[in-house]
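Visitor: I work at the bench and like to know what stands behind a label. Could you walk me through some of the terms used for this protein?

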Amino acid sequence: MPAITLENITDAVINHGDKGATNPRLHEIYASLVKHLHAFQREVNLTTEELDIGRQFLFKLATPNQDFPMGEIHLMSDCLGISELSILLEDSKNHDHGTTEMNVEGPLFIAGLPERANGATMGVIEAVDKPLFMKNRVTDQAGKPLANAIVDVWQPNGEGFYFVQRENLPEWNFYGRYHTDANGEIDFLTAVPGDYPVPTSGPTGTMLEQLGRHGYRAAHIHYIIRAQGHEDFTTM
């Protein structure tokens, strides 16, 4: 094996294997990732000390904390625009067809949402909250109502906290699964969701502070819609 040099290291890493015979798509992604990572290192002349800081940062991203019990990997991909870019690429085929735009799922979706009846209150509405009645209609691209579609809905409370972020909040607070009626409709009572910043206690918040970026998001309610014969759809 020839000695590894600045000139051949990228190709050596990419070609150390069967060059995609086992998994062509994985090799395509892997090869491009290595090329761009190595180009990034060269461009900024990344030092060993800075690389170690990066490793520690990634370790902290994967470590659960109070605000993100599953860690902050998902959150970081959102803040870097990677999640949104994937959505934009995937959604480009639907542009100019009058369809609702897709949005990112966000880091606080939890599978297995509790079933709720149409019209049911989705969480504990406190005295300080502003009640909000939501009525949604799910249709296909041609405008035909989709009956019995599964609609997962989740949001923060009026203070901007999801139930997994605070021990005092009831389990599944403002999380629910609904099924559309014959007209493709669901309705539920909830509270106006609070806007909130990315918590600064974790590594993502630290990065945003160091970059002079604010972490606030506009108030929003998340949806994942599933209907037979259609691709799953995420929006907010």
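Guide: Here we take a few labels in turn and set each against its cut-off, keeping in mind that this is a predicted model.

Visitor: Let us start with Asp91. Why is Asp91 called buried?

Guide: Buried means under 20% relative accessible area. Asp91 has 4%, so the label applies. This residue belongs to helix H5, residues 82-91.

Visitor: What makes the approach of Met102 to Asp91 a polar contact?

Guide: The limit for a pair of N or O atoms is 3.5 Å. Here the backbone nitrogen of Met102 is 3.2 Å from a polar atom of the Asp91 side chain, so the distance falls within that limit. Leaving aside residues up to four places away in sequence, Asp91 touches Glu101 as well as Met102.

Visitor: Now helix H2. Why is Phe40 called partly exposed?

Guide: That label covers values between the 20% and 50% cut-offs. Phe40, in helix H2 (residues 24-44), has 42% relative accessibility, so partly exposed is the right term. Together with Leu33, Leu37 and Val44, Phe40 forms a nonpolar surface patch with about 360 Å² of accessible area.

Visitor: How do you know that Glu28 and Arg25 form a salt bridge?

Guide: The nitrogen and the carboxyl oxygen must lie within 4 Å. For Glu28 and Arg25 the closest N and O atoms are 3.0 Å apart, so the pair qualifies. Both sit in helix H2, three residues apart, about one turn of the helix. Arg25 is exposed at 52%, because exposed means over 50%.

Visitor: Which side chain meets Glu185 in a salt bridge?

Guide: That is Lys135, at 3.3 Å from N to O. The two are 50 residues apart, with Glu185 in strand E4 and Lys135 in strand E1. Glu185 has a relative accessible area of 19%, so buried still holds, the cut-off being under 20%.

Visitor: Why is strand E4 described as largely enclosed?

Guide: Six of its seven residues (185-191) are buried, so the rest of the structure largely encloses E4. Seven bridges join E4 to strand E1, and the two run antiparallel. Met134 stands opposite Phe188 in E4.

Visitor: And what makes Asp152 buried but Arg226 partly exposed?

Guide: Asp152 has 0% relative accessibility, so it counts as buried, whereas Arg226, at 24%, counts as partly exposed. Salt bridges with shared partners join both of them with Arg177 and Asp232 into one network.

Note on methods: Residues are numbered from 1 along each chain as its sequence is written. This is a predicted model: local features need pLDDT of at least 70, side-chain atom pairs count only at pLDDT 80 or more; totals for chains, interfaces and linings use all residues. Side-chain values use heavy atoms; hydrogens and water are left out. Helices (H or I, at least four residues) and strands (E, at least two) are DSSP runs, numbered from the N terminus. Buried means under 20% relative accessible area, exposed over 50%, partly exposed in between (1.4 Å probe, protein chains only). A polar contact is a pair of N or O atoms within 3.5 Å; within protein, one must be able to donate a hydrogen and the other to accept it, and residues adjacent in sequence count only if both atoms are side-chain atoms. Contact means heavy atoms within 4.5 Å. Two strands pair if DSSP finds at least two bridges between them. Patches are made of residues with over 30% relative accessible area and no salt bridge: like charges are joined within 9 Å, nonpolar side chains (Val, Leu, Ile, Met, Phe, Trp, Tyr) within 5 Å. Accessible areas come from the Shrake-Rupley method with a 1.4 Å probe; for residues, only the protein chains shown count as cover.
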